Amino acid sequence: MPRAARTKSETGLYHIMLRGMDHRDIFMDDEDRKRFLETLDKVREVSGFKLYAYCLMENHVHLLLQEGTEPLEVVFKRIGISYVYYYNWKHELSGHLFQDRFRSEPIDTDAYFLDVLRYICRNPVEAGLSDKAFEYPWLGCAGMGNQTLLTDDIGKLTVLKNDELIQYVTQPAKTEHLDTTEKKRLTDREAIEQLKSLSRGANPQDITGWSPDKRDRIVIAALESGISIRQVSRLTGISKAVIERIRKQ
């Protein structure tokens, strides 16, 4: 069945979500996150798009951008080829990392632009990754206190400035833009209790020393129960690369 045509934005502004295949984590560590941002910056130089916000989550990325000289399909093909080659080489993996088609929503009004901006800025808070949006290290929003070299000037897109803009952005968004429909992540305490339940009361740190078959069954069950790869690794001591290979078996 043919795919539906992507809705075009008259302004060239889009909210983009790039997801991991089967909700898999697309960042194993901070080095991966830095590499993704470096890739994003290099592709921007070639493709000419403007970037107004980004947020790197565990298994997806939110971007607020304005299309440049190249269409979005070319932009994300460039990003995918470069980052996935690095990721698979580093973690000794193969195959696809991203879901085959990025999701997008067009932005055609100033009000909708601002609502998407605050939705992206609040993503770490809503996901339980940070108490305050601008304390999350992998978030960049133009015009805020955490302005980075990656984000472009927002002045022509809104009359809100400085504290007034920050005050607006820290309020909940009115719309669930490109929602991942995922549950809020488990706290470490909840994840530990879940691991103990799955392993019949064993200490999570003991799982790494079990036989491969027994260990792998617990890891798969933990991932299926909603514990993230990052949490399984942190709580058991099993490396993220090993967990990823177990997941793909």
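In the predicted model, the charged end of Arg-118 is placed over the ring of Tyr-168, at 4.1 Å from the ring centre. A second arrangement of this kind involves Lys-214, whose charged end sits over the ring of Trp-210, 4.1 Å from its centre.

Contacts between aromatic rings were examined next. A pair of aromatic rings is described by the distance of the centres and the angle of the planes. With ring centres required to lie within 6.5 Å, the count comes to eight aromatic pairs. The rings of Phe-27 and Phe-36 have centres 5.7 Å apart and planes at 80°, and because an angle over 60 degrees counts as edge-to-face, this pair is assigned to that class. Both partners are buried, Phe-27 with a relative accessible area of 2% and Phe-36 with a relative accessibility of 0%. Phe-27 and Phe-36 also belong to a cluster, linked by ring pairs, that includes Tyr-83, Tyr-86, Tyr-87 and Phe-98.

For Phe-76 and Phe-102, the ring centres lie 4.6 Å apart and the planes meet at 35°, so that the pair is classed as tilted. This pair links distant parts of the chain, since Phe-76 lies in helix α2 (residues 72-91) and Phe-102 in the loop between α2 and β4 (103-107), with the two positions 26 residues apart in numbering. The relative accessible area of Phe-76 is 7%, and this residue is therefore buried; Phe-102, with a relative accessible area of 8%, is likewise buried.

Terms used: Residues numbered from 1 in each chain as written. Predicted model: local features only at pLDDT ≥ 70, side-chain atom pairs only at ≥ 80, totals over all residues. Heavy atoms only, no water. Phe/Tyr/Trp six-rings, centres within 6.5 Å; stacked < 30°, edge-to-face > 60°. Buried < 20%, exposed > 50% of the residue type's maximum accessible area, 1.4 Å probe, protein only. Helix = DSSP H or I, 4+ residues; strand = E, 2+ residues; numbered from the N terminus. Lys NZ or Arg CZ within 6 Å of the ring centre and 35° of its normal.
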